[in-house]
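Student: Hello, I am new to this structure. Please take a close look with me at the salt bridges, and put them in the setting of the whole protein.

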Amino acid sequence: MHVCFIGADFEENLGVAILAAIVEKLGHRWSILAFNTPADADACVRRVMAERPEVVGMSMQFQHRAHEFLALGRKLRDAGYRGHMTAGAQFPTLAFKEVLEHGHGFDSVVLHDGEETLPELLAALDAGRPLHEVPGLALPGADGAAFRTASRRLPDDLDSVPFAKRYRQHTRHVGVPFVPIVASRGCWGRCNYCSIVAFYKDAHDTGGGSKLMRMRSPENVAAEIALLWHTSGPSIFCFHDDNFTLPDPRQTLARVRAIRSALDEYGVGLIGIVGKARPDTVTRELALELAELGVIRLYVGVENGSETGGEHLRRGTQQRHIREALSACREAGIFNCYNLLMFEPDATMEHVRENIQFIRTNCDRPVNFCRAEPYHGTPLHVELSAIQDLGGSYMGWNYRIADDRTEMMFRVCSAAFRERNFATQGVANRYMGIGYAANVVKRFYPAVGAQTLWERARDLTTAISLDTAEHLERAADLVESTALGDHDALARQTALLGLAIAEADRRFHHELDGLYADFNHHAARVREQRGTHKRSQIPRKLLGIARSVMVGASLATLGSACGDDDTVARDVGIRDAGPDVPMVVDPAPRDLGIADAGPEPMDAEPDVPMVVDPAPPDLGPDDAGEPDVPMVVDPAPPDLGPEDSGPMVVDPPPPDMGMSAIPAERDPMASAPVLEGATPRRRLRLIDQWVDSSPRESVRTDDLALSDPPSPRLRARREGDVVHVAVEGVRAPVTTRWESEGAVEGEGLDVRWSPVDSTDQIRVAVRSRNGVAVVTLRASAVPAA
């Protein structure tokens with residue numbers, strides 16, 4: 001039997017890679033298809049129809065991409081695929097009725113952990129047995145209504161789960177292999193917005209299990225790391241555990257020490273560690289020792305800078321814990337970034353102001369902010385649906401913040417910070433990775449210049465954080481000083497604010513370009529000076545483990561690691577991403593990638609609510625050497641003349657009629673520019689890239705301004721020194737205001753732009769009857785004619 005897995009592949013997809021190992025052990029064939037954007041759909045359909053696998057399994061981790069996966073399912077059926085199609089992971093588990101009952105073409109959903117359920121599903125299909133006899137499934141009934149089969153207990157022994165199949169090369173961060181790994185599952189938290197908590201609570205309520213958090217033994221984790229290290233060399237190991245730290249700091253320290261001790265026995269040398277932590281689990285003593293053991297980055301779950309806001313989200317942590325955790329990591333030299341769910345159902349402007357002050361106080365740490373989204377099946381979704389009519393659907397719910405001015409603040413920020421916070425190559429996503437890249441350089445390339453790069457990263461991070469706080473304060477002043485009924489003034493000032501943020505981003509992009517290029521140059525220089533090195537002999541104990549889990553070429557590759565000819569960071573990974581490689585180290589929303597330049601939209605990773613709402617996210621690298629390779633770890637105007645052209649007044653609201661709508665040639669929600677003549681590139685996610693996971697196409701209540709913002713994008717074509725730029729993707733009459741440091745000729749939806757140099761940027765505020773959006777284009781992104 002052939003099983004074809006389809007899932008996101010911004011970095012190695014461990015969920016499907018583990019299932020692939022199980023399928024192979026059972027004697028079945030498997031393949032993995034990358035589905036990173038809707039543009040990949042046709043290629044996936046062609047491959048499936050060519051290979052005709054008996055089973056297609058889709059990994060739908062996050063709700064913000066559910067519509068894309070469900071559309072792919074329908075596309076496969078329309079193309080004539082008649083095999084069994086199943087889905088798994090968080091979203092389909094929590095929304096199995098909707099996945100199975102709405103004509104998307106799926107035959108089953110594998111609920112919760114799939115390591116035991118999938119083999120039994122394959123056996124039943126192979127033998128022609130009734131699927132309702134397989135525990136742990138959801139199936140469509142004869143009447144079309146979905147139902148669950150018998151419950152299945154979560155597996156307690158994670159050491160019995162095979163190591164993931166490493167089906168492609170690792171991504172690289174500043175030339176160092178970046179290797180994802182999972183050492184535990186589950187979370188003891190009670191956060192009301194978290195789909196992870198809802199996923200495992202449902203598993204325990206229906207099937208049971210020994211505990212909310214299950215862990216692999218330190219020896220088992222060390223064995224997998226050692227196998228990977230001896231094929232890759234010094235590497236960064238990203239623990240995609242829901243919690244890298246445990247409730248008691250002493251437990252965390254004992255576990256990490258045990259892993260390090262076992263690694264020493266296996267002959268493992270230099271590594272870096274990335275993980276996630278709840279603030280109440282990090283102490284000064286723990287942070288200092290974790291840094292000694294190789295931890296270079298911890299994503300600390302701040303989530304809200306207001307004590308009351310954190311209580312609304314049921315975080316179970318206090319501001320004291322957050323302050324102490326960030327201070328401890330700062331002293332230990334462990335990089336942190338964080339997200340603020342500044343907007344939540346009961347937020348007030350006082351809480352918003354407290355969050356802004358939190359950003360100022362912790363300005364040396366990169367931040368993104370957004371709204372807490374009611375992901376389907378979470379307590380937040382259930383509770384909100386009981387007290388208000390939610391907009392949207394199971395693919396993305398929308399709600400109204402109770403306080404009118406705070407709701408208005410959310411709308412203003414969603415428009416003004418649209419590109420900074422959520423564009424794949426936006427400033428927020430790009431600066432999420434520079435502190436992490438600096439730590440990578442200090443650990444793997446210690447040499448003269450490393451400390452200077454670290455200080456530059458800190459200073460630039462501080463400048464961007466403070467700029468974000470300043471513009472948030474401007475937004476708060478606007479909302480608190482303007483009558484809520486004055487829709488025109490609110491829209492006009494929001495457009496001006498968005499243009500001001502875009503202009504600041506032009507300067508920040510230039511600095512980010514230079515810093516990322518210098519990271520790469522420093523690493524390349526150190527590698528050249530260091531030359532090759534001789535690796536230590538692989539212990540017999542490890543070779544024995546290797547034979548039990550690896551076959552053929554994989555084992556041969558491991559054996560060859562005993563040789564002499566190897567650079568410190570030999571690529572076992574696919575695309576060398578350079579420093580700006582997505583370094584989100586944690587599924588969060590659209591990544592922060594490194595490597596390819598060029599504004600290609602990408603989707604992201606986990607269900608992490610974002611302003612206009614993961615992400616942190618997954619983003620994408622490919623080749624090193626380019627300055628614009630983000631690093632993330634589960635989607636984002638003037639008169640025409642120079643400064644002396646008079647006061648900047650954004651165009652008045654467009655008329656109700658009189659202009660034809662502009663047809664969208666691509667996804668109307670995509671804002672990335674369309675560059676004619678550009679060579680298509682595959683982009684991975686940035687490390688720490690956030691994605692806008694708020695409901696798409698969901699109109700807000702129209703009693704307040706900005707109820708239905710447009711979703712424009714820019715198309716660009718270069719002719720000599722002039723760039724022709726056009727606004728596309730708007731479906732209603734709009735007015736525009738263009739701005740640039742260079743000359744802009746024309747008006748409306750099409751202009752001719754003469755950039756002053758490669759760092760120039762054109763920006764346009766697009767205003768519809770009920771909304772505002774600001775989109776930009778960098779001159780460096782437009783290919784030569």
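**Salt bridges in their setting**

Tutor: Gladly, and let us begin with the whole before we zoom in. The protein exposes about 27500 Å², and carbon and sulfur atoms supply 51% of that area. Please keep in mind that this is a predicted model. There are 785 residues, of which 63% count as buried, and the secondary structure comes to 22 helices and 29 strands.

Now to your topic. Side chains of opposite charge can pair when their charged atoms come close. Searching the whole structure for such pairs gives 51 salt bridges. One of them joins Glu115 to Arg185, with 2.6 Å between the closest N and O atoms. This pair ties together distant parts of the chain: Glu115 sits in the loop between S5 and helix H6 (117-127), whereas Arg185 belongs to strand S10 (residues 184-185), and the two are 70 residues apart. Are these partners buried or exposed? Glu115 has a relative accessible area of 14%, so it is buried. Arg185 is at 12%, and therefore it counts as buried too.

Compare that with Arg456 and Asp518, whose side chains meet in a salt bridge of 2.7 Å, N to O. Here again distant parts of the chain are linked, with Arg456 in helix H19 (residues 450-481) and Asp518 in helix H20 (residues 487-530), 62 residues apart. The setting, though, is partly exposed: Arg456 has a relative accessible area of 33%, and Asp518 is at 29%.

A third example is the salt bridge between Arg752 and Glu745, where the closest N and O atoms are 3.8 Å apart. Both ends are partly exposed, Arg752 with a relative accessible area of 36% and Glu745 with 46%. Salt bridges can also share partners, and in this way Glu503, Arg506, Arg507, Glu739, Glu741 and Arg763 are joined into one network.

It helps to look at some charged residues in another setting as well. Glu307, Glu311, Glu350 and Glu354 form a negative surface patch. Helix H11 (307-312) and helix H13 (349-361) each provide at least two of the patch residues. Within it, Glu350 is part of helix H13 and, because its relative accessibility is 54%, it counts as exposed. Following H11 onward brings you to Arg314, in the loop between H11 and helix H12 (319-332). Arg314 is partly exposed, at 38% relative accessible area. Most residues other than glycine have a negative phi, yet the phi of Arg314 is positive, near 60°.

Finally, let us turn to polar contacts. Arg168, in the loop between strand S7 (146-148) and strand S8 (171-173), has a side chain that makes a polar contact of 3.1 Å with the side chain of Asp9. Arg168 counts as buried because its relative accessibility is 10%. Returning to S5, the strand that precedes the loop of Glu115, you will find Ser108 in this strand, which covers residues 108-110. With 0% relative accessibility, Ser108 counts as buried. Its side chain makes a polar contact of 2.8 Å with the side chain of His84, and another, also given as 2.8 Å, with the side chain of Thr86.

Methods:
Residues are numbered from 1 along each chain as its sequence is written. This is a predicted model: local features need pLDDT of at least 70, side-chain atom pairs count only at pLDDT 80 or more; totals for chains, interfaces and linings use all residues. Side-chain values use heavy atoms; hydrogens and water are left out. Patches are made of residues with over 30% relative accessible area and no salt bridge: like charges are joined within 9 Å, nonpolar side chains (Val, Leu, Ile, Met, Phe, Trp, Tyr) within 5 Å. Accessible areas come from the Shrake-Rupley method with a 1.4 Å probe; for residues, only the protein chains shown count as cover. A salt bridge is a side-chain nitrogen of Lys or Arg within 4 Å of a carboxyl oxygen of Asp or Glu. Lys and Arg count as positive and Asp and Glu as negative; His and the chain ends are not counted. The place of a charge is taken as NZ of Lys, CZ of Arg, CG of Asp or CD of Glu. Helices (H or I, at least four residues) and strands (E, at least two) are DSSP runs, numbered from the N terminus. Buried means under 20% relative accessible area, exposed over 50%, partly exposed in between (1.4 Å probe, protein chains only). A polar contact is a pair of N or O atoms within 3.5 Å; within protein, one must be able to donate a hydrogen and the other to accept it, and residues adjacent in sequence count only if both atoms are side-chain atoms.
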